[in-house]
Amino acid sequence: MHETARPRRKLGVMGGTFDPIHHGHLVAASEVANRFELDEVIFVPTGQPWQKVNKQVSPAEDRYLMTVIATASNPRFSVSRADIERNKVTYTVDTLREMQNAHPDAELYFITGADALANILTWQDWTELFELAKFVGVSRPGYELNTDHLEEHLRDLPADAVTMVEIPALAISSSECRRRAAEGRPVWYLVPDGVVQYISKRHLYVPAGTEGS
Ligand code: ATP
Ligand code: MG
């Protein structure tokens, strides 16, 4: 008698700078987890870009801790240090390779917003990306997912290689949260309460020299 094969674990992978993590990220992960019956979603904060081109990014440790704080109450959410410990610029393909090595039996679902998906699919090695994971693109206010220039490639892929999912619209971005914090305006309800408190405790996003004022 054959034993019934245990179904493969389904793991969501949500990469991001998370500077800071906000409710748009959390809703995206939660909706995709429900829709695809994922066993777990692993949030993977990106590594620290050592060449800060023209972007100032908060220390990896702060971004990691905010992600832990934001996800701690959900038993199906976890956070990986894989990208922040790699010490180089993060490419999705590296993240997915590492996730697959860590969870060889799992089926991976890479979750991304419409804006980021277009970039990943334009710049990276398609063949390997789609061998490693299925891609789930979530809707994001202000961004139209334009796959016209990708059509020709998408045609050659299995139907479930890239799925677009409509999620409750939250017009929140980390850039807007940083701008608000810098101007002393509230970020309450845009990010989880613990993240509001962490930002304030660590004086993140406050222009240097004005921390105490
Ligand atoms: P920034 O403004 O600094 O670029 P961000 O809000 O875009 O920050 P990221 O860390 O860059 O956040 O995004 C991580 C992932 O989450 C990306 O795939 C992005 O498209 C997605 N995402 C971010 N905000 C939303 C949102 N409000 N709705 C849906 N997806 C989102
Ligand atoms: Mg972004």
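Guide: Helices here are DSSP runs of H or I with at least four residues, strands are runs of E with at least two, and both are numbered from the N terminus. In this predicted model, Thr90 is found in the loop between α3 and α4.

Visitor: How many helices and strands does the protein chain have?

Guide: The secondary structure of the protein chain consists of nine helices and six strands.

Visitor: How is the overall form to be read, and what radius of gyration does the protein chain have?

Guide: One compares the value with that of a compact globule of 213 residues, which would be near 17 Å; the protein chain has 18 Å, which agrees. Along the principal axes, the C-alpha atoms of the protein chain fill a box of roughly 70 × 45 × 35 Å. Of the contacts in the protein chain with a separation of 6 or more, 77% are accounted for by residues 24 or more positions apart.

Visitor: Is Thr90 buried or exposed?

Guide: The general idea is a count of neighbours: a residue is buried if 20 or more other C-beta atoms lie within 10 Å of its own, and exposed if 12 or fewer do. Thr90 has 20 other C-beta atoms within 10 Å and is therefore buried. Leaving aside residues up to four places away in sequence, Thr90 touches Thr46, Gly47, Asp83 and Thr95. By contrast, the C-alpha atoms of Thr90 and Ser200 are separated by 27 Å, with their positions 110 residues apart along the chain. For the protein chain as a whole, 34% of the 213 residues count as buried.

Visitor: Which residues of helix α4 are buried?

Guide: In α4, residues 92–102, the buried residues are Thr92, Thr95, Leu96 and Met99. They cover an arc of only 95° around the axis, which means that they lie on the same side of α4. What they pack against is β1 (10–16), β2 (40–45), α3 (82–86), β4 (107–113), α5 (114–123) and α6 (126–132).

Visitor: Which residues of α8 are buried?

Guide: Those of α8 are Ser174, Cys177 and Ala181. Their arc around the axis is only 60°, and this puts them on the same side of α8. The cover over the buried residues of α8 includes α9.

Visitor: How should one read a nonpolar core, and which residues have the most contacts inside the largest one?

Guide: In soluble globular proteins, nonpolar side chains tend to be buried together. Here the largest nonpolar core has 46 residues, and those with the most contacts inside it are Val13, Ala29, Val32, Tyr109, Phe110 and Ile111. Val13 can serve as an illustration: beyond residues up to four places away in sequence, Val13 touches Ile42, Val44, Thr95, Leu96, Met99, Leu108, Tyr109, Phe110, Ile111 and Ala133. Of these, Thr95, Leu96 and Met99 are among the buried residues of α4.

Visitor: Which residues come nearest to ligand 1?

Guide: There are 18 residues around ligand 1, and Gly16, Gly24, Gly113, Ser174 and Ser175 come nearest. The elements giving two or more residues to this shell are α1 (23–35), β4, α5 and α8 (174–182). The most comes from α1, with three residues. By kind, the shell around ligand 1 divides into six nonpolar, nine polar and three charged residues.

Visitor: Where in the backbone is a peptide bond cis?

Guide: The sign to look for is omega: the peptide bond from Asp19 to Pro20 is cis, with omega near 0°. Pro20 is located in the loop between β1 and α1.

Visitor: Which value of phi does Asn87 take?

Guide: Phi of Asn87 is near 60°, a positive value in a residue other than glycine. Asn87 lies in the loop between α3 and α4, and counts as exposed because 10 C-beta neighbours are inside 10 Å. Tyr189, also a residue other than glycine, has a positive phi near 75°. Tyr189 is found in the loop between α8 and α9 (193–201) and is exposed, with 11 other C-beta atoms within 10 Å.

Visitor: What phi does Gly184 take just after α8?

Guide: Gly184 takes a positive phi of about 75°. Gly184 lies in the loop between α8 and α9, and with 9 other C-beta atoms within 10 Å it is exposed. From C-alpha to C-alpha, Gly184 and Val206 are 8.2 Å apart in space, though 22 residues apart in sequence.

Terms used
Residues are numbered from 1 along each chain as its sequence is written. Chains are lettered from A and ligands numbered from 1 in the order in which they are written. This is a predicted model: local features need pLDDT of at least 70, side-chain atom pairs count only at pLDDT 80 or more; totals for chains, interfaces and linings use all residues. The arc is that of the directions from the helix axis to the C-beta atoms. Two residues are in contact if their C-beta atoms, placed from the backbone, lie within 7 Å. The radius of gyration is taken over C-alpha atoms; the globule rule is 2.2 Å times the number of residues to the power 0.38. A residue is near a molecule or strand if its C-beta atom, placed from the backbone, lies within 6 Å of it. Ala, Val, Leu, Ile, Met, Phe, Trp, Tyr, Cys and Pro count as nonpolar, Asp, Glu, Lys and Arg as charged, and the others, Gly among them, as polar. A nonpolar core is a set of buried Ala, Val, Leu, Ile, Met, Phe, Trp, Tyr and Cys residues joined through C-beta atoms within 7 Å.
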